[in-house]
Amino acid sequence: MSRIGKKPIVLPSNVTLSVDDQNVVTVKGPKGTLTQTIDRDISVAVEDGQIQVSRPTEQKRHKALHGLYRSLVNNMVTGVSEGFKLDLEVIGVGYKASVANNVLELQLGYSHNVYLAVPSEIKVTAVTEKGQNPKVYLEGSDKQLLGDVAAKIRSLRKVEPYKGKGIRFVGEQVRRKAGKSSSKK
């Protein structure tokens, strides 16, 4: 049996979960409401303050979906109760970040500034302290949407391996390469 799939999910007291007849799971909490359509073969039940995800058979397809949907429901419960955060760092000479009206403006060494409209479900802030690299903080209840926005921001200037310039997660280790070496005579 799936080790992840059979683990029960603890339902916090301020979070409610409901499943309708089309197998759409709706989770409501202090940080918002999230919905997810679950495969019709997988069942989600709430008993004694715990959520149990179960599958009908031992088919390979059911085994594959069991752990997946348990993780998705767990992320929904965590998102509406605590929320998720991602911190990005903009590294490079002259690179800057600022936010106005949920639009992220980045100066990344191109001939023009890059503007990125962030979805309203995500709260974005940019901080620049003297002597530090600019940082972009993302907060939201939907883990999947948060990861997509972070990936889009990172793709605007990928980290290059020679000088380490680009956008990366705070604390991320980048494998550096040696540059050209002069020839020995």
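Start your tour by selecting His62, which sits in helix α1, residues 60–81. Keep in mind as you go that this is a predicted model.

**Stop 1: His62 and its surroundings**

Is His62 buried or exposed? Its relative accessible area is 4%, and because buried means under 20%, His62 counts as buried. Now show the side chains around His62. The side chain of Asp41 makes a polar contact with the side chain of His62 at 3.0 Å. A second polar contact, of 2.5 Å, links the side chains of His62 and Thr57. Leaving aside neighbours within four places in sequence, the residues in contact with His62 are Asp41, Ile42, Arg55, Pro56 and Thr57.

**Stop 2: strand β6 and its partners**

Next, select residues 50–54, which make up strand β6. In a regular strand the side chains alternate between the two faces of the sheet. You can follow that along β6: Ile51 and Val53 point to one face and are buried, while Gln50, Gln52 and Ser54 point to the other and are not.

Add β5, residues 43–47, to your selection; β5 pairs with β6 in the antiparallel sense over 5 bridges. Pick out Ser43, whose bridge partner in β6 is Ser54. The hairpin of β5 and β6 has 2 residues between the strands, and Asp48 in this hairpin takes a positive phi near 55°.

β6 also pairs with β1, residues 9–10, in the antiparallel sense, here over 2 bridges. In that pairing, look for Val10 standing opposite Gln50.

**Stop 3: two asparagines in loops**

Select Asn23, in the loop between β2 (16–19) and β3 (24–29). Its phi is near 65°, a positive value in a residue other than glycine. With 12% relative accessibility, Asn23 counts as buried.

Then go to Asn102, in the loop between β8 (96–100) and β9. Asn102 is not a glycine either, yet has a positive phi of about 60°. Its relative accessible area is 23%, and Asn102 is partly exposed.

**Stop 4: a four-stranded sheet**

Switch to a cartoon view and find the open sheet of 4 strands, in the order β11-β12-β7-β13, with antiparallel pairing. Why do β11 (123–127) and β13 (166–169) each have one side without a neighbour in the sheet? They stand at the edges, each with a single partner strand, so nothing in the sheet flanks that side. Neighbouring strands here are turned by 20° against each other on average, direction ignored.

Zoom in on β11 and β12 (residues 135–140), which pair in the antiparallel sense over 5 bridges. Val124 is the residue opposite Leu138 in β12.

Now add helix α2, residues 143–155. Which strands does α2 lie across? They are β7 (84–91), β12 and β13, and the helix runs at about 5° to β7.

**Stop 5: the nonpolar cores**

Stay in this region and show the side chains of Leu104, Leu106, Leu108, Val136, Leu138, Ile153 and Ile167. Of the 21 residues in the largest nonpolar core, these touch the most other members. Two or more residues each come from β7, β9 (103–107), β10 (114–117), β12 and α2. Helix α2 gives the most, with 4 residues.

Val136 is a good residue to centre on. Not counting residues up to four places away in sequence, Val136 touches Leu86, Asp87, Leu88, Val90, Ala97, Leu104, Val124, Thr125 and Ala126. Apart from this core lies another, of 18 residues, among them Leu34, Ile38, Ile42 and Val80.

**Stop 6: Gln173**

Move on to Gln173, in the segment after β13. Gln173 counts as exposed, at 72% relative accessibility. Draw a C-alpha to C-alpha distance to Asp87: the two residues are 86 apart in sequence and 14 Å apart in space.

**Last stop: the whole protein**

Zoom out to take in the protein, whose secondary structure comes to 2 helices and 13 strands. The radius of gyration is 22 Å, well over the 16 Å that the globule rule gives for 185 residues, so the protein is more spread out than a compact globule. Along the principal axes, the C-alpha atoms fill a box of roughly 70 × 45 × 25 Å.

Of the 185 residues, 33% count as buried. Among contacts with a separation of 6 or more, 52% involve residues 24 or more positions apart.

Notes
Residues are numbered from 1 along each chain as its sequence is written. This is a predicted model: local features need pLDDT of at least 70, side-chain atom pairs count only at pLDDT 80 or more; totals for chains, interfaces and linings use all residues. Side-chain values use heavy atoms; hydrogens and water are left out. Two strands pair if DSSP finds at least two bridges between them. Axes are lines fitted to C-alpha atoms, for helices over the stretch in contact, and angles run from 0 to 180 degrees between N-to-C directions. Contact means heavy atoms within 4.5 Å. Buried means under 20% relative accessible area, exposed over 50%, partly exposed in between (1.4 Å probe, protein chains only). A polar contact is a pair of N or O atoms within 3.5 Å; within protein, one must be able to donate a hydrogen and the other to accept it, and residues adjacent in sequence count only if both atoms are side-chain atoms. A nonpolar core is a set of buried Ala, Val, Leu, Ile, Met, Phe, Trp, Tyr and Cys residues joined through side-chain atoms within 4.5 Å. The radius of gyration is taken over C-alpha atoms; the globule rule is 2.2 Å times the number of residues to the power 0.38.
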